[in-house]
Structure formats: C-alpha cells, structure tokens
Amino acid sequence: MNEFLRPGRYIDSDHPAVVSFAKKNAAGKDPVQRGVALYYAVRDGIRYNPFLDFSKDETFQASHCIAAGEGFCIGKAALLAACARAEGIPARVGFADVKNHLTTPALRERMGTDLFIYHGYAELLLEGKWVKATPAFNVELCRRFRVKPLEFDGREDSIFHPFDEEDRRHMEYLRDRGSHADVPVAQIMQTFREVYPALYGMGDAAATERFG
C-alpha cells in the first residue's frame with residue numbers, strides 16, 4: 001500500500017505546488033469529502049488540452065499541470081492522484097483505450113483517428129474500495145460541446161458517459177490497460193509515437209493549436 005501513498009516521478013505528491021494545491025482545495029474532514037473536493041478542483045481548475053508536446057516528460061507530471069494551468073487526461077489524472085496522496089489518501093492511475101465518437105475535426109486530423117490510446121483516470125482508495133475518478137474535461141468545455149460533465153461522489157466510479165446531452169454516441173470503452181502506482185511514461189510515449197505519429201511529431205508546435 002505504501003507505493004500508493006509515496007511520491008512518484010510523475011505523481012509527484014511531495015512537490016510544493018502539489019502540496020499547496022491539495023491543502024487549499026481538500027475541503028472536508030473525512031477522506032471521501034476531501035477526495036471529492038480535490039476531484040472538482042482538478043476537473044475545473046485545470047483546463048483540458050490535448051494539444052501538448054507528448055515528447056516531454058513534464059507533460060505527464062502532476063506539478064507541471066499546476067504550473068501550466070492545463071493538461072490532458074493523463075496529466076490531470078496524475079495531478080488528482082498526487083493531490084490525494086498529499087492528503088493521505090491512497091491513489092493510483094488507471095488507463096483504458098476509448099473511442100470518442102464526438103472528437104473535433106481538428107483533433108481527429110492531428111491524431112488520424114478517434115481512438116484514444118491510454119486514456120488516463122485516477123483511482124482513489126476510499127472506504128476500503130478503489131473508486132475511478134475521471135477529471136479530464138473541465139465543466140466549461142463540457143458546456144461548449146454539450147457533453148455531460150462527469151460528477152464524482154467518492155463512492156461510485158466516475159467514467160465517461162456513453163451518450164451526450166443530445167443522446168449522440170460519445171465515449172466507448174474498448175480496452176482496459178490496468179492500474180499503475182506511477183504513470184508508465186516510456187511505454188505511453190512509445191505507443192503514442194506509433195499510433196499518433198503526426199500529433200506526437202508536432203513537438204513544441206502543438207502549443208500553437210487551441211482546443212475548445
């Protein structure tokens with residue numbers, strides 16, 4: 001269990017920025033209340049952006065998400081897990097391959113597909129049970145694209161909705177890639193290079209793209 005409480009390279013729960021962010025946002029006395037408060041702080045306080053430089057380690061790191069004020073699903077999941085650990089809540093990151101039926105044309109063009117490999121989410125150990133928490137899409141983004149914001153109560157899994165507000169097909173989970181004590185960045189980078197050569201090859205130029 002210690003591996004889910006101690007700092008990792010990417011889930012850097014001992015970083016001063018992470019400790020400060022967690023302390024500021026972890027409202028409540030019991031772990032469930034604190035975990036829920038941290039979920040919403042990460043979901044809405046850090047903007048979702050898939051146009052990042054995936055060739056850089058920092059893109060996957062919790063503290064970098066705070067510094068940048070944005071991140072994609074893996075970075076935001078790492079941040080939620082890091083904040084939970086900073087508050088004494090065991091946490092890890094989980095991954096799945098999902099098909100986004102409503103991905104934007106610009107993102108689909110860059111990715112070459114609507115398949116999101118290694119979609120990341122956090123898992124918190126609350127009341128003796130591992131609970132999935134997906135803080136990827138901030139509420140403003142959801143409203144803009146008319147998809148349902150993901151809520152989290154600390155007791156039931158919070159995973160992507162299969163349909164949006166207009167009953168259009170949204171997210172489809174295709175493959176479970178397991179849970180990890182820290183983000184397996186080398187493995188993810190290799191897969192991204194193979195599956196998303198155009199997006200991965202953008203490097204720093206990815207920052208010129210805007211999402212949502």
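In which strand is Tyr-118 found? Tyr-118 is found in strand E4, and the legends below, which describe a predicted model, return to this residue after the helices and the strand pairing.

**View 1. Helices H2 and H4 cross at roughly 150 degrees.** Two packed helices are described by the angle between their axes and the distance between the axes. Here the axes of helix H2, residues 31-45, and helix H4, residues 73-86, come within 10 Å. Because angles over 145 degrees count as roughly antiparallel, H2 is roughly antiparallel to H4. The crossing of H2 and H4 is right-handed.

**View 2. Side chains and backbone at the contact of H2 with H4.** Helix H2 contributes Leu-38, Tyr-39, Val-42 and Arg-43. These residues meet Lys-76, Leu-79, Leu-80, Cys-83 and Ala-84 of helix H4. By class, the residues of this contact comprise seven nonpolar and two charged, with no polar residue.

**View 3. Strand E3 and its pairing with strands E4 and E6.** Strand E3 spans residues 91-100 and is mostly covered, nine of its ten residues being buried. With strand E4, residues 115-126, E3 pairs in the antiparallel sense over eight bridges. In this pairing Arg-92 stands opposite Glu-123 of E4. Strand E3 is also joined by eight bridges to strand E6, residues 171-180, and these two strands run antiparallel. Val-98 has Tyr-173 as its bridge partner in E6.

**View 4. Tyr-118, a residue of strand E4 with a positive phi.** Most residues other than glycine have a negative phi, and most peptide bonds are trans. Tyr-118, by contrast, has a phi near 55 degrees, a positive value in a residue other than glycine. Is Tyr-118 buried or exposed? The relative accessibility of Tyr-118 is 3%, so this residue counts as buried; the cut-off for buried is under 20%.

**View 5. Glu-127, a loop residue with a positive phi.** Glu-127 lies in the loop between strand E4 and strand E5, the latter covering residues 129-133. Although Glu-127 is not a glycine, its phi is positive, at about 55 degrees. The relative accessibility of Glu-127 is 57%, and Glu-127 therefore counts as exposed, the cut-off for exposed being over 50%. Tyr-118 in strand E4 is thus shown as a buried residue, whereas Glu-127 is shown as an exposed one.

Key:
Residues numbered from 1 in each chain as written. Predicted model: local features only at pLDDT ≥ 70, side-chain atom pairs only at ≥ 80, totals over all residues. Heavy atoms only, no water. Axes fitted to C-alpha atoms, helices over the stretch in contact; angles between N-to-C directions. Helix = DSSP H or I, 4+ residues; strand = E, 2+ residues; numbered from the N terminus. Parallel < 35°, antiparallel > 145°, perpendicular 65-115°, else oblique. Left-handed = near helix turned anticlockwise from the far one by under 90°. Contact = heavy atoms within 4.5 Å. Nonpolar A, V, L, I, M, F, W, Y, C, P; charged D, E, K, R; others polar. Buried < 20%, exposed > 50% of the residue type's maximum accessible area, 1.4 Å probe, protein only. Pairing = 2+ DSSP bridges.
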